[in-house]
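Biologist: Please walk me through this one, I'd like to get a feel for it before lunch.

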Amino acid sequence: MPGPHPTPLVGRARELDVLEVALDSASRGFGGLVALTGEAGIGKTRLAEEVVARACELGFVPAWGSGWPEGGSPPLWPWQDILEQLGDAEAVRVLDGHAERDALDPERFARFRRIGQAVAKAASERPLIIVVDDAQATDRGALLLARFLARSLHRAKVLLLVTYRIDLGSAADAPEVVDALVDLTADGTRLELRGLDEADVAEVVSRSGRPPAASDLAALRQLTGGNPLLVHEALAAGVLDHSPVPSRVRRLLLSRLAPFGEAERSILVTVAVLGATGDENLVAAVSGASVASVRAVCERARSAGLLRPDPVSGHEGFAHGLLRDALVEQEDAPVLTAMHRRAADELAALPSASTPEAVTRIAHHRALAAA
Ligand SMILES: Nc1ncnc2c1ncn2[C@@H]1O[C@H](COP(=O)(O)OP(=O)(O)OP(=O)(O)O)[C@@H](O)[C@H]1O
Ligand SMILES: [Mg+2]
């Protein structure tokens, strides 16, 4: 049995409660499926590892498989890996030579049944916890097999834990995989992981050996949206000391914008410069795009989890300040200067221009336009 995890788990009490109940039910023969979803770095794998560790303490046998995003894995991967860990070489052979055919393929159904029997047999001895990590990087057949097992094993001692990234809909995701994930999770419990709250971020900071100052914590929570990967990276890179966004983090963040074309990105840069989506007419005027395009891009960014209401102010903006900073930093300086000038002019022309809030915003944009 491996030793304690190098990164102690912080927070996630609500999710752990649900997962403990699922483990308890599975150990009593009422198996099921739990899906953990959320953006990259939010802690899906870490939470799954925690659940596996707790399951092992309860006497479960673990089997862990991961989707392989780089291509070239055999059809139905990672089920071969999972069955091998369950010690069923014969079941692995059943999957070998499986070709990806249509859903009505009777041969495939027979194979699925055979796999179901193999898993049921293993679970008759000791309860099982099976993890399919990064399920967005598997094929449709692998997800269909997961669904078949979740249905056929609901009276077996099996907890099937599936994790997948929520920024589905990005260009990398095949539509049939997205549909299959939706179908799969409809049969189980879906837990969407959100950012850690400020108290949890404080714990991560104190574990890192930095004395947590209250103002730093609020800034760190705002910059990272409580995304644990970003919190760890920001601390390691000293982002609170006002260093630029580290390049590794910037690459990770900007990769989430890959599905957006150039014109759409320019709208998102405008939102980043303005600091919030707020008034669509203002975003349209500053970016030069139509209001309809602004609305459509914001809607897509919203469903990809890139835009989100701020938990304190309620104003919608980027899910984390680091993403906003990364977007702004990769834009050419003259483009940004022109944007700030237009933002100041547009705000000054509004009837609300003399309110204290507007005066501060206009001054901010004028200062950056002159920089
Ligand atoms: N609750 C937590 N407490 C402390 N650290 C955490 C927590 N959740 C995640 N981390 C750490 O943050 C980093 C990212 O977490 P993890 O790899 O689990 O994210 P993920 O959601 O699986 O991302 P991906 O979509 O890229 O697979 C890891 O270093 C992990 O140890
Ligand atoms: Mg992961």
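Biologist: Let me start somewhere random: is Val 271 buried or exposed?

Modeller: Val 271 is buried, because its relative accessible area is 0%. Buried means under 20% relative accessible area, exposed over 50%, and partly exposed in between (1.4 Å probe, protein chains only).

Biologist: What should I know about where these numbers come from?

Modeller: It's a predicted model, so to speak of local features we need pLDDT of at least 70, and side-chain atom pairs count only at pLDDT 80 or more, while totals for chains, interfaces and linings use all residues. Residues are numbered from 1 along each chain as its sequence is written, chains are lettered from A and ligands numbered from 1 in the order in which they are written, and side-chain values use heavy atoms, with hydrogens and water left out.

Biologist: OK, back to Val 271. Which helix is it in?

Modeller: Val 271 is in helix H12, residues 262–274. Helices (H or I, at least four residues) and strands (E, at least two) are DSSP runs, numbered from the N terminus. Val 271 is also 15 residues from Val 286 in sequence, with 9.3 Å between their C-alpha atoms.

Biologist: How many helices and strands does the chain have?

Modeller: There are 17 helices and 7 strands. The chain has 371 residues, and 46% of them are buried. Along the principal axes, the C-alpha atoms fill a box of roughly 75 × 50 × 30 Å.

Biologist: Now the ligand. Which residues come nearest to ligand 1?

Modeller: Val 10, Lys 44, Thr 45, Arg 46 and Arg 165, out of 18 residues around ligand 1. To count as near, a residue needs one of its heavy atoms within 4 Å.

Biologist: What about polar contacts to ligand 1, say from Gly 41?

Modeller: A backbone N or O atom of Gly 41 sits 2.8 Å from an oxygen atom of ligand 1. Gly 43 also has a polar backbone atom 3.0 Å from a ligand oxygen. His 232 uses its side chain: a polar atom there is 3.2 Å from a nitrogen atom of ligand 1. The protein covers 83% of the 630 Å² of accessible area that ligand 1 has on its own. A polar contact is a pair of N or O atoms within 3.5 Å; within protein, one must be able to donate a hydrogen and the other to accept it, and residues adjacent in sequence count only if both atoms are side-chain atoms. Accessible areas come from the Shrake-Rupley method with a 1.4 Å probe, and for residues only the protein chains shown count as cover.

Biologist: Which helices supply at least two residues of that shell?

Modeller: H2 (44–57) and H10 (228–237) each do. By domain, at least three shell residues come from each of domain 1 (13–192) and domain 2 (199–243), with bounds from an automatic or database domain assignment. By type, the shell has 7 nonpolar, 5 polar and 6 charged residues. Here Ala, Val, Leu, Ile, Met, Phe, Trp, Tyr, Cys and Pro count as nonpolar, Asp, Glu, Lys and Arg as charged, and the others, Gly among them, as polar.

Biologist: Switching topic: how many residues are in the largest nonpolar core?

Modeller: It has 39 residues, and Trp 79, Val 119, Ile 130 and Leu 160 have the most contacts inside it. Elements that each give at least two residues include strand E1 (32–38), helix H5 (106–125) and strand E4 (158–165). H6 gives the most, with 7 residues. A nonpolar core is a set of buried Ala, Val, Leu, Ile, Met, Phe, Trp, Tyr and Cys residues joined through side-chain atoms within 4.5 Å.

Biologist: What joins Trp 77 and Pro 78?

Modeller: A cis peptide bond, with omega at about 15°. Pro 78 is in the loop between strand E2 (61–66) and H3.

Biologist: And what about the phi of Arg 12?

Modeller: Arg 12 has a positive phi of about 65° although it is not a glycine. It's in the segment before helix H1 (13–27), and it counts as buried because its relative accessibility is 9%. Asp 134 also has a positive phi, about 55°, without being a glycine. Asp 134 is in the loop between E3 and H6, and at 23% relative accessibility it counts as partly exposed.

Biologist: Last one: which backbone oxygen lies 2.6 Å from the side chain of Thr 224?

Modeller: That of Leu 220, which lies 2.6 Å from a polar side-chain atom of Thr 224. Thr 224 is in helix H9, residues 214–224, and is buried, with 0% relative accessible area.
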